[in-house]
Amino acid sequence: MTPGRRTPVVRVRSGYGLPYSKGLMAHSLMATGLPPERSFALAEQIEELLVRSGPGEVEVEQLRALAEQVVAGEESEQVLARFRQWWNIRDLERPLVVLLSVGKSTVATQLAGRLGLVHVIATDQVRQVVRAFFSHEFLPSVHHSSFDVARALPDLPEDDAGTIEGFQRQVHDIAPGIDALVERAISDRTPMVLEGVHLLPELPSPALCAQATTVRALIAARDPEEHRRNFHMRGLQTLRAPERYLEALDRIRVVQDHLIGRAEAAGIPVIDAGGLESTLRRVLEVVLDAVASAGGSGAAPGAKLSRVAVEQAKGLG
């Protein structure tokens, strides 16, 4: 576009008739694994084609077809396939529920943004709610960090076995709250990302997971030094002092090893925690592959564009 010249507004004809947004389109393209700068460049190219077409309004399916046309001409078939998978999330018959263990709130938040989801909930928030309603005397496990339950309960040994037993007690005590969250998401048909250390393979309940398009992944820092650096970085980025977690690193890694073993036995992808972008890209691949599988089994009607929409987009371009 000419510098200093105001871009004409093109409205997307839907329930709200909102203007086309380069930012939103770029976020959707970033879900394919493209870097932000490339995604914004493609979003701008799509905008230029919309403006040149001149009608001032465009149907959602026309916009989708035009975006696919631009991606197909500029990127690989894999990127195009990923973009189609992202778009099909809104067409799933069963709402998307992403279960992301271990506690990687940054990845969970970024993932939701790339997927266009607004609901991101941590299982530790569920624990905090349960803790507010039940006293320490009645439900002691929820009043301590997952890796410290055994140190607070006199009937548990302060060894690796006790650490795992204490963690499992906490999971058991907050499981009804986690199930309730997922049940509400399913009844409201609201896609969500649920993240936290408590997401064992059997939680949420299999019966609930079967009612959603459920995707699971576990993010793990297998290297102890990398794990230690992660806590140092968290201390710089948040108000939480890292010393407490560094002191408990051995117990935290005992819980993590337990989770890795359970995930591998259940066939859940285990993703090594690296840089944010590389980790996020791998999680996105897992989610979009699951969406593609759901579409292939008939769970995503409208996964392919109608010929009319494609021809209309060609006319716009």
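**Exercise 1. Follow a salt bridge from Glu158 and see which network it belongs to.**

Start with the pair: Glu158 makes a salt bridge with Arg151, and their closest N and O atoms sit 3.9 Å apart. Keep in mind that this is a predicted model. The cut-off is 4 Å, so 3.9 Å counts.

Next, check the surroundings. Glu158 is exposed, at 61% relative accessibility, while Arg151 is partly exposed at 44%. Now widen the view: salt bridges with shared partners tie Asp148, Arg151, Glu158, Glu247 and Arg251 into one network. One of its links is Arg251 with Glu247, at 3.4 Å between the closest N and O atoms. Arg251 itself is buried, with a relative accessible area of 14%.

**Exercise 2. Work out how Asp124 and Arg127 are placed in helix α6.**

First, count along the helix: the two are 3 residues apart, so about one helical turn separates them. Then look at the side chains, which meet in a salt bridge with an N to O distance of 2.8 Å. Finally, compare their cover: Asp124 is partly exposed at 29% relative accessibility, whereas Arg127 is buried at 6%.

**Exercise 3. Test the span of helix α3.**

Helix α3 covers residues 60-74, which makes 15 residues. At 1.5 Å a residue, the expected span is 21 Å. The end C-alpha atoms are 21 Å apart, so the two values agree. Buried residues in α3 include Leu63, Leu66 and Val70.

**Exercise 4. Place Phe134 in its surface patch.**

Val129, Phe133, Phe134 and Phe138 make a nonpolar surface patch of about 470 Å². Phe134 lies in the loop between α6 and α7, and is partly exposed at 36% relative accessibility.

How values were computed. Residues numbered from 1 in each chain as written. Predicted model: local features only at pLDDT ≥ 70, side-chain atom pairs only at ≥ 80, totals over all residues. Heavy atoms only, no water. Helix = DSSP H or I, 4+ residues; strand = E, 2+ residues; numbered from the N terminus. Expected span 1.5 Å × (residues − 1). Buried < 20%, exposed > 50% of the residue type's maximum accessible area, 1.4 Å probe, protein only. Patch = residues over 30% accessible without salt bridge, like charges linked within 9 Å, V, L, I, M, F, W, Y side chains within 5 Å. Areas by Shrake-Rupley, 256 points an atom, 1.4 Å probe, with all protein chains shown as cover.
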